[in-house]
Structures are given as structure tokens and as C-alpha cells.
Amino acid sequence: MLALADYRAVVALADERHFGRAARRLGITQPALTSRLRRIESAIDARLFERSRRGVESTEAGIAFVEGARRLIDLAVETADAVRGAKAGFGQTLRIGMTQIAAYQVVGPALARFRAQRPLARIRLEEGTTASLEASLESRQLDLAFLHPPLHASDLSERCLAEVPFQRFHGQADGDLPLIRYPRGEAPVLMRELARLHDTAPGEAAALVETTTILGAITLSSAGYGPFAAPADFPHPAVVDADGVTDDGTMLETSIAWRTLDRRPLVQAFAAAAAPA
């Protein structure tokens, strides 16, 4: 069985791409690191690194190992923090995700209501896209997430917290440029709404550029790459000081989501605080 130090060694070597630098980072000798790696590769029956003129390169197996090792190390650190927190009188750590849109719409008030009820609960807040947050919920890397339905995982529950019109803004674009798009896999709801705003089917009238965030779309538009679409209440001068065009029925929902089978009281308490009756 591998020890946590083994996982740290592989991650250090993947990051540094050099045995000497990785050994110094770990506080061990280079021969000791070489011996440790040999033992790890023997234990899992896979070669994790290849030497090259540029240093050390991860193999496909190495890339997969490092991805899992980072999660394991993070979990170990989080577990140790939770134990220290419990000893000091603090509660569990809730891992909460949010999109950029949800951050300004509903996250602050939800956190304030929850803090008033559970002041000793620990919070870890992360930002992501709807697709990445949904995946993190499924893989148990997050406990709850503020995102935009419809959701695609069948084992998640949600409560709608906000619904606002989705509008098209001209921005600084000249001429008849296509609307700046969002990657369909990262933001399926935004892509659907953009298709309606642009009066095309998803995937048609390909834009010159794309971005994963509303702020990114505004930035690209300010550089002249095309018009952008955003929620009508987005707190940015490009939206606040401009007239947007809204198609009837074009709305963006924001929800709080969690795993349906996660009945932990703290998770349920946060979901209730996020969507008060």
C-alpha cells in the first residue's frame, strides 16, 4: 500500500519535471527519490515518468496517477484541518461551488443566512462553470453548488433561487459580427439561450472567439470581437449602462444543487438557508 508521502513525491516530480528539484522540494536526496519512484512503479505495475532532454515527462499512466494523487492529498489536508477544527470547537467543512453569475446573484445572501444559523461551520468556496460544478458534485469533490439548470445528473436535487432575462448587448463590436459564444460542454444552458438570441441552432454561425464566463464575453466584446449576451442584472457598466435586446421567454435560472442521497444535517441546513421559505 502506498503512503501519502509516495503520492506527494510523484506530484512533486510531475510539477518540477526534474529529479533534483523535486528532491529538494521534498527535503530528501535524489537517490532516495529515485528509489521511492522505482518502488511506487513496481507497486502499481506502471511506468509513471520517462526521461528526456527536457527533463522528466509524465506518461499517460503518470498523468492519471497525478490527477488522483492531487485529490487524495487535498482530501488528506482537508481531513486534518477538519480534525483540528473539531478539536478547536469548529464544525464540518462544507465545500461549495458557484458560477460567476450565481456569485453576484444569490451566494452572498445565502452564506449570510447560513452563517447566522451555523456560525462555527467551515466553508470552502470554489468557482467554476455549471458543467464542472455538476461533475464535482457527482464525484463528491463538492457538497453543494450554485449553478444553472437544467442539470443532467439524475442523482442531484436542486431548488431554483433566481430567474432573470438573458439579453443581447452590442458592446464595442462593429458590423455584423456573430455573437460571442460560450463552449457548449461547459455551459449548456448559456449555449441554448445564445442560440435563441441569435436565432440559430446551436453550433451554427460559429463565432470568432469563445469564453467560459460573462466577464470574458464582455472583455472580448470591448476589444471589438462581437456582441455578447448576459443576464439583465449583471453588475458591469457594459450591461448597466447599455440597452439590451431580450427575446420573449429567454430566461436564465440559478439554483442550489446537492446530491439527493446526501442527508447530512449540515448540507440540508445550507440548502434550506439558500432557499428560505
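These legends accompany close-up views of a predicted model.

**View 1. Helix H5 packs against helix H10.**
Helix H5 spans residues 100-117, and helix H10 spans residues 265-274. Their axes lie 8 Å apart and make an angle of about 130°. Angles of 65 to 115 degrees count as roughly perpendicular and those over 145 as roughly antiparallel. H5 and H10 are therefore oblique to each other. The crossing of H5 past H10 is right-handed.

**View 2. Side by side: the residues where H5 meets H10.**
From H5 come Ala110, Leu111, Arg113, Phe114 and Gln117. H10 meets them with Leu266, Ala269, Phe270, Ala273 and Ala274. By class, the contact of H5 with H10 holds eight nonpolar residues, one polar and one charged.

**View 3. The largest pocket has a volume of about 290 Å³.**
Helix H4 (60-87) and strand E4 (122-127) each give at least two residues to the lining of this pocket. H4 contributes the most, with four residues.

**View 4. Residues that line the largest pocket.**
Arginines in the lining are Arg71, Arg95, Arg124 and Arg140. Acidic residues are Asp74, Glu78 and Glu126. Ser136, Ser139 and Gln141 also line the pocket, as does Leu75. The lining divides into seven charged residues, three polar and one nonpolar.

**View 5. The largest cavity has a volume of about 30 Å³.**
The count of cavities of 30 Å³ or more comes to one. Helix H1 (4-16) and helix H3 (30-44) are the elements that supply two or more residues to the lining of the largest cavity. H3 gives the most, with four residues.

**View 6. Residues around the largest cavity.**
Ala9, Val10 and Leu13 line the cavity. Leu33, Arg36, Leu37 and Ile40 line it too. Six of the lining residues are nonpolar, none is polar and one is charged. Arg36 is the charged residue in this lining.

Conventions: Residues numbered from 1 in each chain as written. Predicted model: local features only at pLDDT ≥ 70, side-chain atom pairs only at ≥ 80, totals over all residues. Heavy atoms only, no water. Axes fitted to C-alpha atoms, helices over the stretch in contact; angles between N-to-C directions. Parallel < 35°, antiparallel > 145°, perpendicular 65-115°, else oblique. Left-handed = near helix turned anticlockwise from the far one by under 90°. Contact = heavy atoms within 4.5 Å. 1 Å grid on protein atoms, 1.4 Å probe; cavity = no way out; pocket = protein on both sides within 12 Å on 5 of 7 lines; lining within 4 Å. Points joined across faces, edges and corners; volume = space filled by probe spheres on them.
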